[in-house]
Amino acid sequence: MDGIKIDYYDPETSTVHEIKKTNKMELAHEWQVKYYLYVLWKNGIQEPKGLLEYPKLKERKDLELQEKDIEEINRIRQEIDQIISSEKAPVKNKKSICRKCSYHDFCWVDEV
Ligand code: SF4
């Protein structure tokens, strides 16, 4: 739906389940789930909930979409739209997170 791929969605409780096989909890994981909740909310799901699960750590984290999250996601989307509509791509800035990023090959295809 709208470019997202949810691991598992429980329609009875309106809960998105996202399972992370890593042994480290990261803020990026929370924003990933919040973005899923945002898309569901945009598509008419009332008060969707999220559950981040870390089987290796035996940890779980409940997430809800707050008003401030919606504002932040809208702000980021505006930034993305500006980048897409500008004639020049932003200057490349490789960071340590790039190594594990799904878009690595798109961003750094011409790098040795
Ligand atoms: S690989 Fe590209 S999209 Fe991924 S973090 Fe690095 S710059 Fe961002």
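A residue counts as buried when its relative accessible area is under 20%. By that cut-off L37 is buried, because its relative accessible area is 0%. This is a predicted model, and the values below are computed from it.

## Overall layout

The chain has 112 residues, and 27% of them count as buried. Its secondary structure comes to 3 helices and 4 strands. Along the sequence the order is β-β-α-β-β-α-α. The C-alpha atoms fill a box of roughly 45 × 35 × 25 Å along the principal axes.

Contacts span long stretches of the sequence. Take the contacts between residues at least 6 apart: 58% of them join residues at least 24 apart.

The chain exposes about 9000 Å². Carbon and sulfur atoms supply 51% of that area. As for charge, there are 20 positive and 22 negative side chains. The centres of these two sets lie 7 Å apart.

## Strands β1, β2 and β3

Start with β1 and β2. They run antiparallel and are joined by 3 bridges. One bridge pairs Y9 with V16 of β2. The two strands form a hairpin with 4 residues between them.

β2 also pairs with β3. Here the sense is parallel, and there are 5 bridges. Two of the partnerships can be named. E18 has L52 of β3 as its bridge partner. I19 has E53 of β3.

How many residues of β2 are buried? The count is 4 of 5, so β2 is largely enclosed by the rest of the structure. For β3 the count is 5 of 6, so β3 too is largely enclosed by the rest of the structure.

## E18, a buried glutamate

E18 sits in strand β2, which covers residues 15–19. Is E18 buried or exposed? Its relative accessibility is 4%, which means that E18 counts as buried.

Its contacts come from several parts of the chain. Leaving out residues up to four places away in sequence, E18 touches D7, Q32, V33, Y36, L51, L52 and E53. L52, its bridge partner in β3, is on that list. So the list holds a bridge partner and a contact in one residue, L52.

## The nonpolar core

The largest nonpolar core has 14 residues. Within it, V16, V33, L37, Y38, L52 and L65 touch the most other members. Three elements each supply at least two residues: α1 (27–42), β3 (49–54) and α2 (67–85). The largest share, 6 residues, comes from α1.

Two of these core residues deserve a closer look. L37 is found in helix α1. Beyond residues up to four places away in sequence, L37 touches V16, P48, K49, G50, L63, E64 and L65. V16 and L65 appear in that contact list, and both are also among the core residues that touch the most other members.

V33 is the other. Leaving aside neighbours within four places in sequence, V33 is in contact with E18, G50, L52 and L63. The contact with E18 brings the buried glutamate of β2 back into the picture.

One distance can be set beside these contacts. L37 and I76 are 39 residues apart in sequence. Their C-alpha atoms are 15 Å apart in space.

## Two loop residues with positive phi

S14 and E47 both have positive phi values, and neither is a glycine. Their settings are listed here.

| Residue | Phi | Loop | Relative accessibility |
|---|---|---|---|
| S14 | near 55° | between β1 (8–10) and β2 | 16% |
| E47 | about 45° | between α1 and β3 | 67% |

Which of the labels, buried or exposed, fits S14? At 16% relative accessibility, S14 counts as buried. S14 belongs to the hairpin of β1 and β2 and takes its positive phi there. E47 is exposed, because its relative accessible area is 67% and the threshold for exposed is over 50%. E47 lies in the loop that leads from α1 to β3.

## Summary

β2 pairs with β1 in the antiparallel sense and with β3 in the parallel sense. Helix α1 gives the largest share of the core, and L37 in that helix has a relative accessible area of 0%. E18 in β2 is buried at 4% relative accessibility.

Terms used
Residues numbered from 1 in each chain as written. Predicted model: local features only at pLDDT ≥ 70, side-chain atom pairs only at ≥ 80, totals over all residues. Heavy atoms only, no water. Buried < 20%, exposed > 50% of the residue type's maximum accessible area, 1.4 Å probe, protein only. Contact = heavy atoms within 4.5 Å. Core = buried A, V, L, I, M, F, W, Y, C linked by side-chain atoms within 4.5 Å. Areas by Shrake-Rupley, 256 points an atom, 1.4 Å probe, with all protein chains shown as cover. Lys, Arg positive; Asp, Glu negative; His and termini not counted. Charge placed at Lys NZ, Arg CZ, Asp CG, Glu CD. Pairing = 2+ DSSP bridges.
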